[in-house]
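User: I'm new to this one and would like a close look at a single part of it. Could you walk me through the charged side chains that pair up?

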Amino acid sequence: MAPKRRNSFLLYILVTLLLVFLTFLFSINLGSYHLSLLEVANALVGHGSDNSILVLFEYRLPRILIALVGGAGIAVAGSLLQSYTGNHLADTGLLGLHAGASFGLIIFMSFFSQSFLYAEMLIPFFAFIGGILAAILIVYLAKSKNRTINTNKLILIGIAVSALFNAITLFLSLRLSDETYSFAASWLLGNIWARDWIHVSIILPWVAIFSLLAYRLAHPLNLLQVGDEFAQTTGINVKYIKINAMLLAVLLSSGSVAMVGNISFLGLLAPHLARQLVGSDYRLTLPLSAILGSIILLLSDTIGRSLFEANPIPAGIFVAFIGGPYFIFLLLKNNRSV
C-alpha cells in the first residue's frame, strides 16, 4: 500500500471514528429522560444518580452498542456479498438473506424461546440457518447452464425469495400470539428490538470474530476483482474463497439482523460510500464499511426514537429513506454507462 494512500486511509478512519464518538454522545443524551454530558460521565464512573445509572446502563448503552455492532456486521456482509456476486448493487436485504434470517428467527420465537434458560443465545444460530437456506436457494436458482452465476438474475431471484420468506414469516406469526405477531411486524420494519446486555454478549463476539475472518479474505478478494482466471493463476482457490465470502456474509448479516431487525440497503450504502472514499481495495473498504455502517444505523435509530418519542420510527425506515433513492441512482447510473 502506497504511503500516500495509507495516510489518506488513516485520516478517513480517524474522521469516521470521531463521527462514531459524536454519534454516540448524540444518542446517549437524547431521549425522554435527558442526560447531560456531566451526568453521563459521572454515571460511567459510578458516581451518578440512581436514575441516570439506570437509564444509561439498562436502557441506552446496550441499545447503542447493539446498533453500532449490528450496523458494522451488515455493512461488512454487504461488502462481501458484492465481491461474491461481482455486482456493486448487491445488498444483503435485497438478496433475501435478511428474509431467510427472519424465518429462522420466527421459528425460534415460536418453538424454542421458552425451552430453557438463556435460550436467546441461540438466536444467531437460528437466524443463520434461515439465512443459509435462503442463500442456497438463491444461488441454486441463479446458476446458469454453465454453472456460473448470473448477477442480474441473482438480484431478481433474491427479491422473489425475500418475498417468499417474508410471507412465511408473517403467516407463522399470525398463527401465534399477538405479541409474536407484533414482534415479527416490528422486526420486518427494521426495529432494534434487542436492548439487553445478554444481546450485547451475543452479537459482539459474533460480529467481531466473523469480521476478522472476513478481513483475512481481503487480499484474495482484491485478486478476484481482476477476474477469476487471473486469480487462479496466482494460486488461490477461487471456489473456496467465494464460498467462504458467501458463508461469512450470511453469518454476519444473519447474526446482525437477528438483533437489529430487517435493515435493508445498509449493506449497499456503507460499502459504496467506503469505495468512494478509499477505492476498491478490500483491505481498506472492509474496515471503513464497518465504521460507516455503525454510524448510519446508530444515527437512524437515534433519530427515530428521539425526535418521534410519541411514536418511534424504526431505524430501518430511515436507512431505507436514504438507501432506496441511492440504489435507484446507482441503477440509473449503471444503465447509462451500458
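Which residue forms a salt bridge with R305, and how far apart are the closest N and O atoms?

Analyst: Keep in mind that this is a predicted model. The partner of R305 is D301, and the closest N and O atoms of that salt bridge are 3.6 Å apart. Both residues sit in helix α13, where four residues, about one turn of the helix, separate them. R305 is buried, and D301 is buried too.

D301 has another partner, though. R63 also makes a salt bridge with D301, and here the closest N and O atoms are 2.7 Å apart. R63 belongs to helix α3 (residues 50-85), while D301 belongs to helix α13 (residues 282-306), so this pair ties together parts that lie 238 residues apart in sequence. Like D301, R63 is buried. Put the two bridges side by side and you get one network: R63, D301 and R305 are joined through salt bridges that share partners.

How many salt bridges does the model have in total? The count comes to three. Besides the two at D301, there is one between the side chains of D281 and R283, with an N to O distance of 2.7 Å. The two ends of that bridge have their own settings: D281 has a relative accessible area of 6%, so it counts as buried, whereas R283, at 31%, is partly exposed.

Key: Residues numbered from 1 in each chain as written. Predicted model: local features only at pLDDT ≥ 70, side-chain atom pairs only at ≥ 80, totals over all residues. Heavy atoms only, no water. Salt bridge = Lys/Arg side-chain N within 4 Å of Asp/Glu carboxyl O. Helix = DSSP H or I, 4+ residues; strand = E, 2+ residues; numbered from the N terminus. Buried < 20%, exposed > 50% of the residue type's maximum accessible area, 1.4 Å probe, protein only.
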